[in-house]
Amino acid sequence: MRKSFAAIAAACTVALALTAAPAQAHPGNPPSTGTTHHTQSFKHFQPFWHTHPAKPGKHQLPKEAVTVASGLAGPMKAAFGAKGGYLVAEGFSAQLTAVSAKGAKTVLVSEAGQEIGGVSYAHGTTYYFNNDTDPEAEEGSVLLPSRLMSMDSRGKMRQMADLSEFEGAHNPDGRTVYGVRDVSAACLAQAPALRHTGEVFSHPYSSAPGNGGVYVGDAGANNITFVSTSGKVRLVKQLPPEPVKIDAAVAASVAEMGIDIPACMMGHTYFAEPVPTAVSLSGGWLYYTVLPGVPGMDLAAGKAYRMNLHSGKTQLLASGLSGPTGIAVDGQNRVYVAELFGPGVSVIKNGKATVVLPAMMASDVAISGNTLLAATAALAETGGNLVTLRLR
């Protein structure tokens, strides 16, 4: 299925559809997480925001929070940068922007028609994605270049790898069956798009620098890879499908998009594409969030995991998250998540998420020392914000 976050709204990026061809990801769109026969853009999701308004009282920033910058065009990813500053990928304007500690903005990269995203930073080097887009093509119908770029302290840029080449050569989930697996042929014939195998599609969306390279969460390929400094790509984890029971809530959710689930499929399990939306490293563990292709943003079906990089052991940290698109770990091993369609930024403890920064459309979170950085109001028509909060 196709997944475009806005086409995860970009990015939820998110098609709620349970159908076969994922929606195209456009610049400024969150990672795609659903499937649909129709190409979808951010405009198609605007009615969701109009009909599900945030409640001001539940999203009021605490008085100790500081808004560093505002008016950002779709700040889907953010990171701490050099000299006490910040970095933000402005998805809707296809820009990578540096923000000083005092809020001054400097455009580092501007690529009209491209998708600039997934920003991260370490040891004087900035990493980001420069993904080709084709508004006329359905996701997966054309394998478009998806480049991991690096920029040194002098502003020199280089392409580390094109993730689409790895996906085109291997397509690790090519034999994975997504959708409804256990219904009769007659039932499936009523909605054949609700079962498919992994398509050849790459949409790198999140990154985390590590020793000797960068970990990449590919929201199109449904996996996490590692790109070495020499440009070699290897698979770290092909994420398993996320099981979702088809109940009345799921049926109602996708019905809003004009998709009818046959009665014979009610009660069955839909194996959704496991779209990775954020990755982070801490103490030999790789932390990541997953936004299932179904039901995506409308129902709280997101999860947070961590995987031991040595043993490969994976642990579920929390479930029931509403569009988790950011994850970070502090010095005390506390895990924080940003929920694009939830209450803001929360800390996870004993499997439960407790809000620490109430904010509407919180798209990302990063931590440096005892400072939390969040991108908020990411999909707002008035522009998004960068907000900091001192942790206790």
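In strand β3, the residue bridged to Ala79 is Leu87. Strands β2 and β3 (residues 86-90) run antiparallel and are joined by 5 bridges; two strands count as paired if DSSP finds at least two bridges between them. Helices (H or I, at least four residues) and strands (E, at least two) are DSSP runs, numbered from the N terminus. The hairpin of β2 and β3 has 5 residues between its strands, and Lys83 there takes a positive phi near 55 degrees. In strand β2 (residues 75-80), 6 of the 6 residues are buried, so the strand is largely enclosed by the rest of the structure. Buried denotes under 20% relative accessible area, exposed over 50%, and partly exposed in between, with a 1.4 Å probe and protein chains only.

The model is predicted: local features need pLDDT of at least 70 and side-chain atom pairs count only at pLDDT 80 or more, whereas totals for chains, interfaces and linings use all residues. Residues are numbered from 1 along each chain as its sequence is written, and side-chain values use heavy atoms, with hydrogens and water left out.

**Overall composition**

The protein contains 4 helices and 28 strands. Of its 392 residues, 60% are buried. About 15,200 Å² is exposed, and carbon and sulfur atoms supply 51% of that area; accessible areas come from the Shrake-Rupley method with a 1.4 Å probe, and for residues only the protein chains shown count as cover.

**Two open sheets**

One open sheet has 4 strands in the order β6-β7-β8-β9, with antiparallel pairing. Strands β6 (115-122) and β9 (157-162) stand at its edges with a single partner each, so one side of each lacks a neighbour in the sheet. From one strand to the next, the twist averages 25 degrees; axes are lines fitted to C-alpha atoms, for helices over the stretch in contact, and angles run from 0 to 180 degrees between N-to-C directions.

Another open sheet, also of 4 strands, follows the order β12-β13-β14-β15 with antiparallel pairing. Here β12 (204-210) and β15 (233-238) are the edge strands, each with a single partner, so one side of each is left without a neighbour in the sheet. The twist in this sheet averages 25 degrees from one strand to the next.

The table lists antiparallel strand pairs from these sheets, with a facing residue pair for each.

| Strand pair | Bridges | Facing residues |
|---|---|---|
| β8 (residues 146-151) and β9 | 5 bridges | Ser150 opposite Arg158 in β9 |
| β14 (residues 223-228) and β15 | 5 bridges | Val227 opposite Val233 in β15 |

**Helix α2**

Helix α2 (residues 163-170) packs on the β6-β7-β8-β9 sheet, touching β8 and β9, and its direction makes about 10 degrees with that of β9. Contact means heavy atoms within 4.5 Å. The buried residues of α2 are Leu163, Ser164, Phe166 and Glu167. They cover an arc of only 160 degrees around the axis, which puts them on the same side of α2; the arc is that of the directions from the helix axis to the C-beta atoms. On the other side of α2, Glu165 and Ala169 are exposed. The cover over the buried residues of α2 includes β8, β9, β12, β13 (213-218), β14 and β15. Just after α2, Asn171 has a positive phi of about 40 degrees.

**Phe129 and Gln95**

Phe129 lies in strand β7 (residues 125-131) and counts as buried at 1% relative accessibility. Its C-alpha atom is separated by 7.0 Å from that of Pro204, 75 residues apart along the chain. Leaving aside residues up to four places away in sequence, Phe129 touches residues including Glu115, Arg147, Leu148, Pro204, Tyr205 and Val216.

Gln95 belongs to strand β4 (residues 95-99) and is buried, with a relative accessible area of 18%. Among the residues that Gln95 touches, not counting those up to four places away in sequence, are Val88, Ala89, Glu90, Val107 and Ile116.

**Nonpolar cores**

A nonpolar core is a set of buried Ala, Val, Leu, Ile, Met, Phe, Trp, Tyr and Cys residues joined through side-chain atoms within 4.5 Å. The largest such core has 16 residues, of which Val180, Val183, Leu194, Ile246, Ile261, Met265 and Tyr270 touch the most other members. Elements giving two or more residues to this core are α3 (185-189), α4 (248-255) and β17 (269-272). Helix α4 supplies the largest share, 3 residues. Beyond residues up to four places away in sequence, Ile246 touches Val180, Ile261, Met265, Met266, Gly267, His268 and Tyr270. A second, separate core of 15 residues includes Ala65, Ala328, Ala338 and Val347.
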